[in-house]
Each structure stands twice: as C-alpha cells, then as structure tokens.
Amino acid sequence: MAVQDIMPTWVGATAKQIARGVRRGDVSATQVVADHLDHVATVDSELAAFRAVRGGEAVTEAEKVDEQDDLANLPLAGVPVAVKENTPVAGLPTWNGSAAVRTSVAEADHEVVRRLRGAGAVILGVTRMPELGLWGSTDDETGSTRNPWDLTRTPGGSSGGAAAAVSAGLVPIAHGNDGLGSIRIPAACCGLVGLKPGRGVVPCQLGADDWFGLAEHGMLATTVADAAVGFAILAGRRPETLVPPQRLRVGVSLRSPVVGVQPDAPNRDAVTTAGRLLAAAGHDTLRADPVYPTALGLQGLATWFAAAAVEVQASGVARGSLQRRSRRHIALGDWARRRGYVREADRAAWRDRSIGFFADHGVDLLLTPALAGTPPQADGWSGRSWRSNILTNVRYAPYAAPWNMAGLPALVVPVGRRPDGLPAAVQLVGPPGSELLLLGVAGQFELAAPWPRHAPGYPRVPATTP
C-alpha cells in the first residue's frame with residue numbers, strides 16, 4: 001500500500017517531511033497543497049491569518065512542481081509557504097497592512113519569493129500585517145488576526161499573520177520580515193522558531209530604503225530544521241546539516257533596553273530555563289549585560305517614526321486615508337527627520353559597540369528574554385490612539401529592536417509554557433555571520449526540551465507522521 005493511501009492528510013507535517021515525501025513520490029505536491037487549502041478554508045475564518053489565498057493559482061503551481069524532472073534538487077519540493085503581504089508576489093496587490101497603502105498588482109516576484117519558488121515551494125497566499133508594519137499587533141478595519149494559542153490574544157506583529165498561520169498548521173513555514181522585531185515578537189507570541197538574519201545576508205529591497213537598513217527577511221517555523229532550510233533558501237545557499245556547537249560561552253542578561261520596563265516572572269523564568277538547557281548541553285553561562293545607552297532608545301524611536309514617513313512619502317499615499325495612529329507616527333517621523341535625529345553615524349556606532357560586546361565579555365552569544373510581558377489582547381488596536389499603541393508595544397516587547405539597529409542576527413526559540421498556557425520563549429543574539437550557530441544552539445534546546453509544534457487544538461485534522 002502506498003504511503004499516500006494511508007495518510008489522511010499532510011497538514012501538520014514539517015516542511016522537510018513534505019519535501020521528502022514529494023521527492024520520493026509518496027505524495028504529490030498537488031495533494032499537499034489541496035490538503036492545506038482545505039485546512040485554511042476550515043480554520044482561517046477564526047484566525048484571519050491570510051489577507052489573500054491563491055487557491056486555483058496555488059494548485060496550478062503545485063501541478064508544475066509535480067511535472068518537474070529534478071525534484072531531487074528541490075529542498076522545498078511541494079511545500080506550501082505563505083508570504084507576508086508587504087513583499088511583492090506576482091499577480092497580487094501588495095497590501096502593506098491596509099487598503100490605504102495597498103499598491104497595484106505586482107508584475108514580478110520579490111527576490112525572496114523567487115528563491116522560494118526556485119526551491120520548489122508553492123505560494124499559498126499572503127499573510128496579514130498591521131498598517132505599514134509599524135505595530136506589535138495585527139489588525140485593521142477588516143479584522144483582527146488572532147493567536148491560535150488564545151484567540152483573545154494577538155499573535156504579535158508585524159508578521160502576525162505569518163505566525164498565526166504556522167502555529168495553526170495552515171502552512172508548515174512562512175516568510176516574514178523584521179524591522180524592529182517583526183519576526184521574533186510573533187514567534188515568541190506563538191511558540192515558533194523565528195530567525196532575523198544579520199544585515200546583508202538576505203536581499204531586503206523593502207519599500208523606499210529597507211527602513212534605513214533595519215529590515216531583514218526571514219522565516220517562521222515549528223522546528224529548527226525547517227527554520228534552517230528556510231534561512232538557507234532565502235540567503236541563496238545550499239541547506240546544511242546543523243552541527244551541535246561545542247562548549248560556548250553565553251552571556252545572560254535580563255536588562256531591558258527600555259528604562260522602567262522589566263520582564264515579568266514568566267519571562268524571567270524562561271531565561272532561567274534556557275540557562276539550564278545551555279548548561280546541560282555543555283555550555284558555560286555568565287552574567288553579561290549590554291549597556292543600552294539612553295540615546296539608543298531615542299534613536300530607535302526616531303528611526304521607527306522616520307521609516308514610516310519615508311515610506312509614505314515615497315508611495316504617494318494620501319495621509320488622510322491612514323489610520324489615526326499611523327498619521328501621528330508619520331508626523332513624528334517628519335519632525336525627527338527635520339531635527340536631524342535619524343543618523344547613520346549613530347546606528348554605525350551602536351553596531352560597533354554591539355559587536356564589541358562579545359569580545360569585551362568573552363562570550364559567543366547573548367541570551368535575553370524574548371518578551372517582557374503577555375501578548376496583548378487581539379482586538380481594536382488599529383482604532384486606538386498612537387499613545388496607547390506605543391506604550392503597549394514598548395512594554396510587552398522591548399528586547400528585539402536593538403539588534404535591528406545593530407544589524408546583528410537574532411533568533412527566538414520556545415522554552416516551555418507560561419502559567420497562563422501561552423508559550424514561553426527566549427532570544428539568542430550573535431555577532432555577524434552567526435546564523436547557523438544560533439540555529440545550532442536552538443537545535444540543542446529542541447532536542448533537550450521539545451516544544452509543541454502547533455497551538456493546542458490545531459491543526460484540526462489528523463496529523464501526519466511520515
């Protein structure tokens with residue numbers, strides 16, 4: 001009996017399992033995509049993870065994968081993948097988080113989408129984000145994207161739709177991008193592995209100027225192996241087998257980059273758990289606190305504001321059509337640019353200081369909390385004030401942004417669950433070129449303390465074990 005005759009569905013399988021099954025002929029790409037489209041149709045009405053689903057187009061693409069003669073050379077053969085809605089996909093508008101900033105139908109794929117297709121992936125659709133990617137929650141006037149772990153909570157932002165889709169098994173992996181934490185924050189909210197590569201490792205080409213060089217493309221996944229394959233494809237590399245790293249020195253810090261914001265007990269406990277896992281894997285840990293200058297927070301805020309202003313100016317969008325919170329944000333961006341508060345020299349100085357941190361403390365990596373608090377409620381953020389959005393974002397997720405400013409690779413990995421049932425996570429940061437090292441350490445966490453690959457109750461079909 002063939003494997004596909006006894007497998008009820010391939011929903012819930014990892015990207016590596018699906019690609020292996022398609023390459024071996026155990027299942028067709030067409031069947032895999034059909035399974036996932038059925039699951040999306042069943043579940044996404046309660047999650048609002050997708051902005052648009054490419055039903056017929058995805059099936060046609062899957063059929064083309066099945067017709068290829070070189071499946072052995074396709075590391076993502078037949079794997080359904082979602083793309084964040086601010087990244088051009090040929091044949092679809094690029095929404096950028098709301099109808100007000102939607103652009104016309106893209107004539108060509110973004111380079112990262114082209115690379116995914118070239119690896120055999122099938123683009124199932126595009127996932128939701130907040131307007132202009134500015135916020136740590138994902139909603140607009142058409143709906144609120146919900147966290148599969150708790151439908152009253154946000155999956156984070158700005159790659160919130162991507163995280164919700166992966167956590168619920170709508171796709172095994174999803175593309176996201178990260179300008180001030182937009183991959184890592186949703187990964188932490190939804191119990192996923194999320195890697196922000198270092199500056200220049202993956203082609204960015206987002207908007208007017210890549211958020212002053214802060215933004216990077218990456219992947220969200222349920223396993224370290226899938227995250228590693230996704231990273232390799234986006235970076236234009238051949239996938240490599242991760243090698244468990246030997247006896248690293250890892251600096252551990254609870255210090256918050258934001259004065260007056262401290263991690264809550266579950267996030268402190270997550271760091272303690274991660275420290276034990278590091279010790280069990282043979283690594284040494286020591287207290288090593290980065291010095292976050294007060295000016296860094298001001299520079300980060302100014303850059304965040306100004307990135308939105310540059311984006312809107314370049315697009316020609318009528319500011320009056322934007323959400324109230326975004327209009328205020330952009331006005332502050334104009335002000336910050338006029339006052340000269342957005343300076344490449346400041347970002348370069350912080351990058352040098354951040355790289356020097358590892359040598360100064362004699363550490364290979366840095367371990368921090370991923371979040372400071374509980375993911376906020378899901379609903380209504382697009383209609384609330386700018387102040388309410390800013391304060392909430394900064395209070396629950398202050399740890400990601402400094403590493404965009406520095407352009408260093410950073411990864412979020414799950415480490416158990418919070419008392420409220422939501423996933424717990426930590427962040428690992430490394431010097432330039434340490435993406436595989438970060439993934440290797442995350443793999444040791446996964447081996448020692450496996451996490452649930454999907455939120456409880458998802459996917460709503462019998463899971464596969466190919």
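# Exercises on a predicted model

Phe445 touches Ala274, Leu277, Leu278, Val413, Val415, Val426, Pro450 and Trp451, leaving out residues up to four places away in sequence. The model is predicted. Work through the exercises with the structure open.

## Exercise 1. The nonpolar cores

**Task.** Find how many residues the largest nonpolar core has, and which have the most contacts inside it.

**Solution.**
- Step 1. The largest nonpolar core has 104 residues.
- Step 2. Those with the most contacts inside it are Phe50, Leu76, Leu170, Leu367, Leu411, Val426 and Phe445.
- Step 3. Apart from this core lies another, of 39 residues. Val101, Leu206, Trp211 and Phe358 are among them.

## Exercise 2. The sheet and its edges

**Task.** Trace the strand order of the open sheet of 11 strands. Then name its edge strands.

**Solution.**
- Step 1. The order is β1-β3-β2-β6-β8-β7-β12-β13-β11-β9-β10, and the pairing is mixed.
- Step 2. The edge strands are β1 (50–53) and β10 (284–287). Each pairs on one side only.
- Step 3. Ignoring direction, neighbouring strands of this sheet are turned by 30 degrees against each other on average.
- Step 4. Look at the β1 edge. β1 pairs with strand β3 (residues 122–127) in the antiparallel sense, over three bridges. Phe50 stands opposite Thr127 in β3.
- Step 5. Helix α4 (residues 55–67) packs on the sheet and touches β1 and β3. The direction of α4 makes about 155 degrees with that of β3.

## Exercise 3. Two glutamates in one helix

**Task.** Take Glu61 and Glu63. Decide whether Glu61 is buried or exposed. Then classify Glu63 by its relative accessibility.

**Solution.**
- Step 1. Place the residues. Glu61 is in helix α4. Glu63 is in helix α4 as well.
- Step 2. Glu61 has 15% relative accessibility, so it counts as buried. The cut-off for buried is under 20%.
- Step 3. Glu63 has 37% relative accessibility, so it counts as partly exposed.
- Step 4. Check the surroundings of Glu61. Leaving aside neighbours within four places in sequence, Glu61 is in contact with Arg54, Arg117, Val122 and Ile123.
- Step 5. Check Glu63 against Thr30. They lie 33 residues apart along the chain. Their C-alpha atoms are separated by 5.6 Å.

## Exercise 4. A covered strand

**Task.** Work out how many residues of strand β13 (residues 423–429) are buried, and which strands pair with β13.

**Solution.**
- Step 1. β13 is mostly covered, with seven of its seven residues buried.
- Step 2. Sort the residues by face. In a regular strand the side chains alternate between the two faces of the sheet.
- Step 3. One side of β13 holds Pro423, Ala425, Gln427 and Val429. The other holds Ala424, Val426 and Leu428. Both faces are covered.
- Step 4. Strand β11 (residues 365–369) pairs with β13 in the antiparallel sense over four bridges. Strand β12 (residues 410–417) pairs with β13 in the antiparallel sense over six bridges.
- Step 5. Find the partners of Leu428. In β13, Leu428 is the bridge partner of Leu367. Leu411 also stands opposite Leu428.
- Step 6. Inspect the turn. β12 and β13 form a hairpin with five residues between them. Gly421 in that turn has a positive phi of about 95 degrees.

## Exercise 5. Two covered helices

**Task.** List the buried residues of α9 (224–234), and state what covers them. Do likewise for helix α5 (residues 111–118).

**Solution.**
- Step 1. In α9, 10 of its 11 residues are buried. They are Val224, Asp226, Ala227, Ala228, Val229, Gly230, Phe231, Ala232, Ile233 and Leu234.
- Step 2. Their cover includes α2 (15–24), α5, β6, β7 (193–196), β8 and α16 (435–448).
- Step 3. In α5, Glu111, Val112, Val113 and Leu116 are buried. Their cover includes β2 (80–84), β3, β6 (173–178), β8 (216–221) and α9.
- Step 4. Check what follows each helix. Gly120 follows α5 and has a positive phi, near 100 degrees. Just after α9, Gly236 takes a positive phi of about 70 degrees.

## Exercise 6. A helix crossing

**Task.** Describe how helix α12 (residues 324–338) and helix α14 (residues 386–396) cross.

**Solution.**
- Step 1. The two axes come within 8 Å and cross at roughly 80 degrees.
- Step 2. That makes α12 roughly perpendicular to α14.
- Step 3. α12 contributes Arg325, Arg328, His329 and Leu332 to the contact. α14 contributes Trp386, Asn389 and Ile390.
- Step 4. The residues of this contact divide into three nonpolar, two polar and two charged.

Key:
Residues are numbered from 1 along each chain as its sequence is written. Side-chain values use heavy atoms; hydrogens and water are left out. Axes are lines fitted to C-alpha atoms, for helices over the stretch in contact, and angles run from 0 to 180 degrees between N-to-C directions. Helices (H or I, at least four residues) and strands (E, at least two) are DSSP runs, numbered from the N terminus. Angles under 35 degrees count as roughly parallel, over 145 as roughly antiparallel, 65 to 115 as roughly perpendicular and the rest as oblique. Contact means heavy atoms within 4.5 Å. Ala, Val, Leu, Ile, Met, Phe, Trp, Tyr, Cys and Pro count as nonpolar, Asp, Glu, Lys and Arg as charged, and the others, Gly among them, as polar. A nonpolar core is a set of buried Ala, Val, Leu, Ile, Met, Phe, Trp, Tyr and Cys residues joined through side-chain atoms within 4.5 Å. Buried means under 20% relative accessible area, exposed over 50%, partly exposed in between (1.4 Å probe, protein chains only). Two strands pair if DSSP finds at least two bridges between them.
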